[in-house]
Amino acid sequence: MKSYVRGLWGIMEIGLLTIPVVVAAGASDKPVTGDTVIRETQEAVTATKDYTIQQKDAFQRKVQTELDEMQVRITQLRGQVKHASVEARADIQKAIEELEKKKDLANKKAEALHSATASSWEQAKSKTEAMMDELRDSLTRARSYLPSR
């Protein structure tokens, strides 16, 4: 929320800094009114919200693509278990189970992104990124139990 408010203040500051330029450039045309400043500020806020929504949508697509790829990798790992030694199979199975749990949690974080508001977006994104990092680490651990080919 603080970053959202700071962003709005920043937009308003930019808008207020441009008033003298607008006034100087259009001094002979029309006077700048409070309504003009309010309208332009509202337009800037709307543009910022639209940009945030675009970022959110792009990030959601990226995360979903990676989760889909992760499912393919989990399926591949399950197929490679038979090539591991008997001793390693238990470790691999455990690592795959951990990987699937983390993938499920990452899916939930990705779903939570849909309901993230402009003010909660950065926090939701950060939590999702952290979960995806954990998921990648789990995949690396699971692969480490497989025999090298």
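This note walks through a predicted model, point by point, from its helices to its salt bridges and core.

1. **Helix α3.** Start with helix α3, residues 86-114. How far apart are its end C-alpha atoms? They are 43 Å apart. At 1.5 Å a residue, the 29 residues should span 42 Å, so the two values agree.

2. **The buried residues of α3.** Ten names are worth marking on the helix. Ala-88, Ile-92, Ala-95, Ile-96 and Leu-99 are buried in α3. Lys-102, Lys-103, Ala-106, Ala-110 and Leu-113 are buried there too. The list includes two lysines, Lys-102 and Lys-103. A general point helps in reading such a list. An α-helix has 3.6 residues a turn, so residues three or four places apart point the same way.

3. **The nonpolar core.** The largest nonpolar core holds 25 residues. Which of them touch the most other members? They are Leu-67, Leu-77, Ile-92, Leu-99 and Leu-135. Helices α2, α3 and α4 each supply at least two residues of this core. The biggest share comes from α3, which gives eight residues.

4. **Ile-92 and Tyr-145.** Ile-92 is one of the buried residues of α3. Beyond its neighbours up to four places away in sequence, Ile-92 touches Val-81, Ala-84, Tyr-145 and Leu-146. Tyr-145 sits in the segment after α4. Is Tyr-145 buried or partly exposed? It is partly exposed, because its relative accessible area is 35%, and buried would mean under 20%. With the same sequence neighbours set aside, Tyr-145 touches Ala-88, Asp-91, Ile-92 and Ala-95. The C-alpha atoms of Tyr-145 and Asp-91 are 6.9 Å apart. Along the chain, these two residues are 54 residues apart.

5. **Gln-60 in α2.** Helix α2 covers residues 34-80, and Gln-60 lies in it. Gln-60 has a relative accessible area of 14%, so it is buried. What does Gln-60 touch, not counting residues up to four places away in sequence? Its contacts are Ala-110, Leu-113 and His-114. Of these, Ala-110 and Leu-113 are listed among the buried residues of α3.

6. **Salt bridges between helices.** The structure holds seven salt bridges. The general background is simple. Side chains of opposite charge can pair when their charged atoms come close. One of the seven joins the side chains of Arg-136 and Glu-66, at 2.6 Å from N to O. Arg-136 lies in helix α4 (residues 121-144) and Glu-66 in helix α2, so the pair ties together parts that are 70 residues apart in sequence. The partners are not equally accessible: Arg-136 is partly exposed at 33%, whereas Glu-66 is buried at 15%. Another salt bridge joins Glu-100 and Arg-78, at 2.8 Å from N to O. Glu-100 belongs to α3 and Arg-78 to α2, so this pair ties together parts 22 residues apart in sequence. Here Glu-100 is partly exposed, with 24% relative accessibility. Arg-78 is partly exposed as well, with 38%.

7. **A salt bridge within α3.** Lys-102 and Glu-98 also meet in a salt bridge, with 3.9 Å from N to O. Where do these two residues lie? Both are in helix α3, four residues apart, about one turn of the helix. Lys-102 is at 19% relative accessibility, so it counts as buried; the cut-off for buried is under 20%. Glu-98 is partly exposed, at 30%.

8. **The network and Ser-138.** Lys-102 and Glu-98 belong to a network of salt bridges that also links Glu-134 and Arg-141. Ser-138 is placed in helix α4. It is buried, with a relative accessible area of 1%. Which side chains make polar contacts with that of Ser-138? Glu-98 does, at 3.2 Å, and Arg-141 does, at 3.1 Å. Both Glu-98 and Arg-141 are members of the network. Leaving aside neighbours within four places in sequence, Ser-138 is in contact with Glu-98, Leu-99 and Lys-102. Leu-99 also appears in the core, among the residues that touch the most other members.

Terms used
Residues numbered from 1 in each chain as written. Predicted model: local features only at pLDDT ≥ 70, side-chain atom pairs only at ≥ 80, totals over all residues. Heavy atoms only, no water. Expected span 1.5 Å × (residues − 1). Buried < 20%, exposed > 50% of the residue type's maximum accessible area, 1.4 Å probe, protein only. Contact = heavy atoms within 4.5 Å. Salt bridge = Lys/Arg side-chain N within 4 Å of Asp/Glu carboxyl O. Core = buried A, V, L, I, M, F, W, Y, C linked by side-chain atoms within 4.5 Å. Polar contact = N/O pair within 3.5 Å; in protein donor to acceptor, adjacent residues only side chain to side chain.
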